[in-house]
Amino acid sequence: DLMKRAAATSVIRRLLDKAMFSPFATIQALMDGINHFILMLSFRLGPAAALMHLSARDREFNPHLYLFFTSTLMLSISYFGTKAIHAGIAKYNLSKNLFWSNALSFWNILDWCPLLMVLFSAVAVDTVLRNKANGNMEDNTIPFFLRSVVAITTPFLWLRILAFIKVRNKQLATFILCSVEILKDIKWL
């Protein structure tokens with residue numbers, strides 16, 4: 001609460017606005033936006049698309065495309081994971097209280113949770129595909145848990161993208177924050 005009040009002062013607001021729209025911050029935001037796009041595209045065309053090729057009648061599975069998109073997905077996960085780890089280390093070095101107060105915040109969990117879910121989904125789909133290729137899979141149906149994990153991961157990726165957008169667009173930030181509060185109220189019903 002104290003940080004919000006300090007950021008509301010005119011001097012700090014001007015400094016933050018200058019820092020936010022500096023060339024370095026703009027290029028970093030552009031790179032993050034591109035990597036968010038790559039993360040979503042690689043997930044949808046890699047592990048999520050591979051789920052559709054688990055049936056016995058499907059002969060259109062292209063393992064080279066799957067490997068390309070899964071490798072790109074892992075690179076994107078490592079980019080965002082490394083960035084989050086570095087931000088956590090910087091916050092811990094600044095203030096242990098700041099680190100621990102932010103560690104379990106909603107937006108920080110929204111930053112980590114989709115990455116872990118995408119990693120789990122990619123590894124699980126890869127394991128099922130490997131079992132199918134080795135002939136260890138008697139049943140050619142898509143496992144329910146795997147469909148569920150991929151189906152739950154996709155909205156979390158979109159929420160991650162909304163969290164990224166809310167920093168850059170003030171009007172959209174108001175809408176996103178209001179939507180989050182509504183979702184928090186809905187969970188109590």
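Ala, Val, Leu, Ile, Met, Phe, Trp, Tyr, Cys and Pro count here as nonpolar, Asp, Glu, Lys and Arg as charged, and the others, Gly among them, as polar. The model is predicted, so that local features need pLDDT of at least 70 and side-chain atom pairs count only at pLDDT 80 or more, while totals for chains, interfaces and linings use all residues. Residues are numbered from 1 along each chain as its sequence is written, and side-chain values use heavy atoms, with hydrogens and water left out.

Helix α5 (helices being DSSP runs of H or I, at least four residues, numbered from the N terminus) covers residues 63–94 and reaches 46 Å from its first C-alpha to its last. Among its buried residues (under 20% relative accessible area, 1.4 Å probe, protein chains only) are Tyr66, Phe69, Leu73, Ile77 and Phe80.

Leu73 is also, with Leu39, Phe43, Val118 and Val125, one of the residues with the most contacts inside the largest nonpolar core, which has 21 residues; such a core is a set of buried Ala, Val, Leu, Ile, Met, Phe, Trp, Tyr and Cys residues joined through side-chain atoms within 4.5 Å. α7 gives the most to this core, with 7 residues.

The second largest pocket is lined by 10 residues, and Phe61, Pro63, Leu129, Arg130 and Ala133 lie nearest its centre. The largest share of this lining, 5 residues, comes from α7.

| Class in the pocket lining | Number |
|---|---|
| Nonpolar | 6 residues |
| Polar | 1 residue |
| Charged | 3 residues |

A pocket is an open set of points on a 1 Å grid over the protein atoms alone, where a 1.4 Å probe fits, with protein on both sides within 12 Å along at least five of seven lines, and lining residues have an atom within 4 Å of a point.

Notes:
Helix = DSSP H or I, 4+ residues; strand = E, 2+ residues; numbered from the N terminus. Expected span 1.5 Å × (residues − 1). Buried < 20%, exposed > 50% of the residue type's maximum accessible area, 1.4 Å probe, protein only.
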